Amino acid sequence: MGIQITPSILNADFAALGAEVARIPSADWIHVDVMDNHFVPNLTFGPTMVEALARSTDTPLDAHLMIADADRHAPTYVEAGCASVTFHVEAAAAPVRLAREIRAAGGRASMALKPATPVEPYEDMLGELDMLLLMTVEPGFGGQKFLDLVLPKIRRARALMDKHGVETWLQVDGGVSLETIERCAEAGADTFVAGSAVYSADDPDAMVNALRERAAAARG
Ligand code: DX5
Ligand code: ZN
C-alpha cells in the first residue's frame with residue numbers, strides 16, 4: 001500500500017464546501033468529520049450534507065463518525081455516498097457486526113481508537129477492517145497539538161497487522177503536518193488525515209503533495 005493523503009474539511013469554509021474540495025485535486029480521499037455533540041463536544045453535519053458533498057466531487061469520501069450509537073447510524077453514511085466509513089470502537093456496541101454491515105452495504109469498514117484506547121483487544125478483528133484509525137489528538141476539534149504518546153501504539157498496530165498478514169490500512173488523524181508526518185510514517189502509518197495543515201496553507205494542493213512526499217521519504 002502506498003501513501004495516501006486525506007485532507008479533512010473541518011477547517012475549510014463550510015459555506016463553500018464544494019469549492020473548498022475543488023481546491024485539492026491531488027487528495028486521495030476527502031475526510032469528513034461527522035460530530036454529534038454527544039460523543040464529542042462539537043457539532044458538524046449529518047448524512048444530507050455528506051450526500052450533497054459526495055455528489056459534488058469525484059474524490060472518494062472518508063467519513064469519520066464521532067457520534068454516539070454508531071451501530072445505528074454508520075451504514076447510513078455508505079448509503080449517503082461515502083466509500084469509507086469509520087466508526088469509533090468506544091461508541092459501538094457490536095463492532096464486528098457493524099464492520100460487516102458497512103462492508104455488506106458496499107463501503108470500506110474502518111474503526112477508530114481514541115488516544116488512550118489500546119489496540120491489543122482488537123487484534124483478532126483486524127481482518128474485519130479495511131482501515132484502522134489511530135487518533136493522534138482527542139477527537140472533537142481541528143488544530144490541536146499532535147500527541148507523540150500515540151507513536152508506540154502505531155508501531156504495535158503495524159506489528160499486529162504484519163503478524164496477521166492483513167491488508168488493513170493504518171490511518172492517523174490529528175495534528176498531522178509537515179513537522180509530524182515523518183514520525184507517523186516511520187512508525188508504520190500509511191494513510192494520513194491533515195486538516196489545518198492543508199487548509200491554512202497558501203496553496204492547499206501543493207501542501208497535499210508536500211505531505212505525501214515527506215511521508216513517502218520517511219517510509220523509505
Ligand atoms: C478531530 C478530527 C480531525 C481534524 C484534523 O476530531 O477528527 O480529522 O479535523 O484536523 P487537524 O489536522 O487540524 O488536527
Ligand atoms: Zn477526523
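Leaving aside its neighbours within four places in sequence, Asp33 is in contact (heavy atoms within 4.5 Å) with Ser8, Leu10, Thr44, Phe45, His64, Met66 and Asp173. Two of these partners, His64 and Asp173, join Asp33 and His31 as the protein donors of the zinc ion (ligand 2). This is a predicted model, in which local features need pLDDT of at least 70, side-chain atom pairs count only at pLDDT 80 or more, and totals for chains, interfaces and linings use all residues. Residues are numbered from 1 along each chain as its sequence is written, chains are lettered from A and ligands numbered from 1 in the order in which they are written, and side-chain values use heavy atoms, with hydrogens and water left out.

**The zinc site**

- His31 (NE2), Asp33 (OD), His64 (ND1) and Asp173 (OD) lie 2.1 to 2.2 Å from the zinc ion (ligand 2); donors are N, O and S atoms within 2.8 Å of the metal (3.2 Å for Na, K and Ca), and water is not among the atoms, so sites may look incomplete.
- The arrangement is octahedral because the six donor atoms around the zinc ion (ligand 2) subtend angles of 72 to 173°; for six donors, that label requires opposite donors over 155 degrees apart and all others between 65 and 115.
- Along the chain, the donors of the zinc ion (ligand 2) follow the spacing H-x1-D-x30-H-x108-D.
- Distant parts of the chain are linked here, with His31 in strand 2 and His64 in strand 3 (residues 61-66), 33 residues apart; strands (E, at least two residues) are DSSP runs, numbered from the N terminus.

**What the UniProt record says**

- The unreviewed UniProt entry lists Asp33 and Asp173 under "active site"; its positions are given in the numbering used here, feature names are shortened, and annotations may be inferred rather than shown by experiment.
- The "binding site" annotation in the unreviewed UniProt entry covers His31, Asp33, His64 and Asp173.
- These binding-site residues span 143 residues in sequence, yet no two of their C-alpha atoms are more than 10.6 Å apart, so they gather at one spot.
- From this set, Asp33, His64 and Asp173 help line the largest pocket. On a 1 Å grid over the protein atoms alone, a pocket is an open set of points where a 1.4 Å probe fits, with protein on both sides within 12 Å along at least five of seven lines, and lining residues have an atom within 4 Å of a point.

**Burial of the donors**

- Asp33, found in strand 2 (residues 30-35), counts as buried at 5% relative accessibility; buried means under 20% relative accessible area (1.4 Å probe, protein chains only).
- Asp173 lies in strand 7 (residues 169-173) and is buried as well, with a relative accessible area of 8%.
- His31 is buried at 0%, and His64 is also buried at 0%.

**Side-chain polar contacts**

- The side chains of Asp33 and Ser8 are joined by a polar contact of 2.7 Å; such a contact is a pair of N or O atoms within 3.5 Å, where within protein one must be able to donate a hydrogen and the other to accept it, and residues adjacent in sequence count only if both atoms are side-chain atoms.
- Asp173 makes side-chain polar contacts with His31 (3.2 Å) and with His64 (3.1 Å).

Terms used
Helices (H or I, at least four residues) and strands (E, at least two) are DSSP runs, numbered from the N terminus. Buried means under 20% relative accessible area, exposed over 50%, partly exposed in between (1.4 Å probe, protein chains only). Four donors count as tetrahedral if all angles lie between 85 and 135 degrees; four count as square planar and six as octahedral if opposite donors are over 155 degrees apart and all others between 65 and 115; anything else is irregular.
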